[in-house]
Structures are given as C-alpha cells and as structure tokens.
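Here are my notes on the model, set out as numbered points. They take up the domains, the contact between them, the ligand site and the charged pairs.

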Amino acid sequence: METSIPTLSGRTSGGRVIYLDHSASTPVDARVLEAMMPFFAEHYGNPSGIHAQARASAQALDQSRREVAEILGCKPKEVVFTSCGTESDNLAIRGVAFAAAQAGKGQHIITSACEHHAVTHTIAQLCEHFGFQQTVVPVDRWGMVDPADVKRAIRPDTVLISIIYANNEVGTIQPLAAIGEIARERGIPLHTDAVQAGGYLDLNVDHLNVDLLSLSGHKFYAPKGVGLLFVREGIALLPQQTGGGHEGGRRAGTENVPYIVGLAKALKMAQDMRSTENERLVRLRDHLIQSVRATLPDAQLTGHPTQRLPHHASFVIPGVEANVLLMHLDLMGICAASGSACNTGAAEPSDVLLAMGIPPQLALGALRLTLGRSTTSEDIETVLEVLPAVVRRLSALQPM
Ligand code: PLP
C-alpha cells in the first residue's frame, strides 16, 4: 500500500515556513542527533548486560544521568528516565499517591487550575476510581497561583502538591520556590511539571524546593518519546510500570539509550545557551507582543506580562475563532497554535483560560506564538504583516 506524507500547506511569500509552535515541539538539533547516532547500530548492547557491548551502553547511560543530575543539582540516582513528559507526570502523581495511601498517610492532593492534562486527568482518575480527593487552587487573571492559597488548602491528609512550573498555554511562571517552602514546612512532597520550562529556566531542584520534577526531551531540541522524572531521595514512589529492576526499581523497561543520550546532550546545550538565547528571544517576543497590541488593539495578552517564558506570546482575539485563524495562518506559511482543544471538530474553550476569568467566547479566539532558535526578526516582521490582515478579514467574515 502506498503511503503519502502530507505536504506543508503553505509558505510565506519569501518561500519560508515560519514555525512558531516551539511549545508544542522543537526540531532535533543536529549536534544532538550526532551524539545519538552511535547508540543505534554501533553500541547497541542492553545496558543491563555483562559484556563489552552492554558496557558501552551502560557507560553512556551513566554519563547521561550524571550530566542531567549536574543541571538539576541532584544525585544521579535521583534521575529516572521515562518515555515522555506525560509518563513522568503520571509516575510522579500516581506513584506518590499510591505509596502514601498504602502507608495510611491520606488521600488528598493539591493542584492548580492551570495544569496540563497529563496532571489534571491523572488526578481526576485517582479521584474517580481510587477514593482520592483534590483541592484545585485558583489562579489570578495572569494565570498565577498564590502560595497563600496552597497553604490554606493543606489538610492533615494531604499527600502531594503538584503545581506546574510554567504554563504551556499562557507561559506564566509560577512562584515555585515559595510554594516549595510551604510544602517542606508541612512535610508534603511537591511535584512540578517543568516540561515547558526545561530549555529556558533554572532547573536546580534545591533552588525550586521541589521533590519531583518532570521534563520532556522534545521541548528542548531532543527527540519526541524521551523524558525524565527527578525523584528526591527518600520520597516514597510506587512504580507504575513493573518488570525488571531498571531505573533503581522505579521504572521497569530497557532504557532507550540513544534517546537518553540525546536528551542529556540537548538539555546541556539548552542550559549552556540559556542566558544569551533567552535575551534574544525576549527581545523578539516583546517586539511581537507590543506590535500585535498596537495593530490589533482588541487583542489581549494572556498570561503574566513579565513572569512568562522568554519565547512565549499568547493572546485572545475577539471576533475570530482560533481554529479558523490557525488554518489561515497555515495557508500563509505560519505554524501557530491556540489554547483550545478541538474535540470532534467543535472548539472548546480552554480550562486554563476560563480559570483566568476569560469569558468562553473570547477564549475561543486564543492564539499562541512560541519562538525558537530558528526564529529571526524577519520572521516576526512577516507575522506582523500577515496576522492583522488575516484577523481583519476573518472578523469581517465570521461575526461571533
Ligand atoms: N506537560 C506540559 C506542560 C506540556 O506542555 C506537555 C506537552 O505539551 C506535556 C506535559 C506532555 O509531554 P509529552 O509530549 O512529552 O508527553
């Protein structure tokens, strides 16, 4: 049977596809790919074996674990490699919740109103099927959690707090260190979904006061399908995938050595270039935000104006439906995203935007533009030419 790969539907008049969806995924960096290559067909041994081929893989695995641990400021044995950010979130939440319930400590979990589905759906399942209860702390109009609300939500039976580091839809960075202090005072483990923060923010787990931290490779120029979970020594975690004793008995399954090598290389590169690249991205992002607001005065920035990811610009635009806007931008060669999930063709306003107090109708007009290493000022100028024209055309066509 013949298979065909869909072609890119649009290009800018300069012939270039402008990719502004780096929060969804990033390309694999050539240097990352190069580091991975020997571990497919040359050093292919199972790292658990006892022979030369196995040792080459085991050494690469150890080295990757040490490199990641150095960035996180933790011990190598506190790093558990996983298959993705979603798995890391699942392992953290279910693993801690079940271990605590088993020990008779309680079944109450605190989370926030601006989490990713990998967190919200996991906690919802624990509540629906396993007798847990949750308190969802609110966010303000910027999508920010107030640590005082977390403190107030703590109960004697609270066994886990899970708060995102930086939100994927609106880019807001949470005051994790302050929340971590509160959690530590009460002896409650704090998990953070740091998937969006990995390439851009400080990941030192002691600066952040966190006990569990999830990352995903494809958000910082490593491949899709590899992630990690930091688990602080002493935190009880019931494994969710059982089998061999891999990853210190916390996640069974032969480690994906080439991808883990890629993740470690990519994380190190991202953290090494963080300060210079962030500065460049902030300049481009702020110009984009200011110019969009100048040319489309009705467009509202979503998320915190300053406490936000350096590459992240997000808006709600009255009078347009996000999915239609995204299709038109795609036709013009611009890859962007929205904040709304599309189920069976009908757009639903995002829970995160609703939690920030944005009316449902307005939330349907969410646009997210996330910049990356390949983004140039020419790209931003092209977007600033195309976007207002498309929005004006659509608002005239589809009065909402
Ligand atoms: N958490 C956040 C905040 C995300 O943005 C994503 C992916 O977009 C995930 C978790 C899931 O990561 P993965 O795609 O590696 O499963």
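1. Domain bounds, as used below, come from an automatic or database domain assignment. On that basis the chain of this predicted model is divided into domain 1, made up of 18-28 + 274-397, and domain 2, which covers 30-272. The centres of domain 1 and domain 2, taken over C-alpha atoms, are 28 Å apart, and the contact draws on 32 residues from domain 1 and 38 residues from domain 2.

2. How much area do domain 1 and domain 2 bury between them? The computed value is about 2900 Å², with 54% of it on carbon and sulfur atoms. Within the area that domain 1 buries against domain 2, Val28, Arg274 and Arg373 supply 27%, which is more than any other three residues.

3. The polar side of this interface deserves a careful reading, since two counts should be kept apart. Between domain 1 and domain 2 there are zero salt bridges, whereas 21 residue pairs are in polar contact, with both residues at pLDDT 80 or more. On the side of domain 1 that touches domain 2, α11 (274-295), β10 (312-316) and α13 (351-355) each supply at least two residues, and the largest share, four residues, comes from α13. By class, that side of domain 1 has twelve nonpolar, 15 polar and five charged residues.

4. Which residues come nearest to the ligand? Of the 13 residues around the ligand, these are Thr86, Asp193, Gln196, Ser216 and Lys219. For Lys219, a polar side-chain atom lies 2.6 Å from an oxygen atom of the ligand, and for His218 a polar side-chain atom lies 3.0 Å from an oxygen atom of the ligand. Gly85 approaches through its backbone instead, with a polar backbone atom 2.8 Å from an oxygen atom of the ligand.

5. Although the count between domain 1 and domain 2 is zero salt bridges, a search of the whole structure finds 16 salt bridges. One of them joins Lys77 and Glu233, whose closest N and O atoms are 3.0 Å apart. Because Lys77 lies in the loop between α3 (52-72) and β2 (79-82), and Glu233 in the loop between β8 (227-231) and α9 (246-249), this pair ties together parts that are 156 residues apart in sequence. As general background, side chains of opposite charge can pair when their charged atoms come close.

Technical notes: Residues numbered from 1 in each chain as written. Predicted model: local features only at pLDDT ≥ 70, side-chain atom pairs only at ≥ 80, totals over all residues. Heavy atoms only, no water. Contact = heavy atoms within 4.5 Å. Buried area = accessible area lost by both parts, 1.4 Å probe. Salt bridge = Lys/Arg side-chain N within 4 Å of Asp/Glu carboxyl O. Polar contact = N/O pair within 3.5 Å; in protein donor to acceptor, adjacent residues only side chain to side chain. Nonpolar A, V, L, I, M, F, W, Y, C, P; charged D, E, K, R; others polar. Near = heavy atom within 4 Å.
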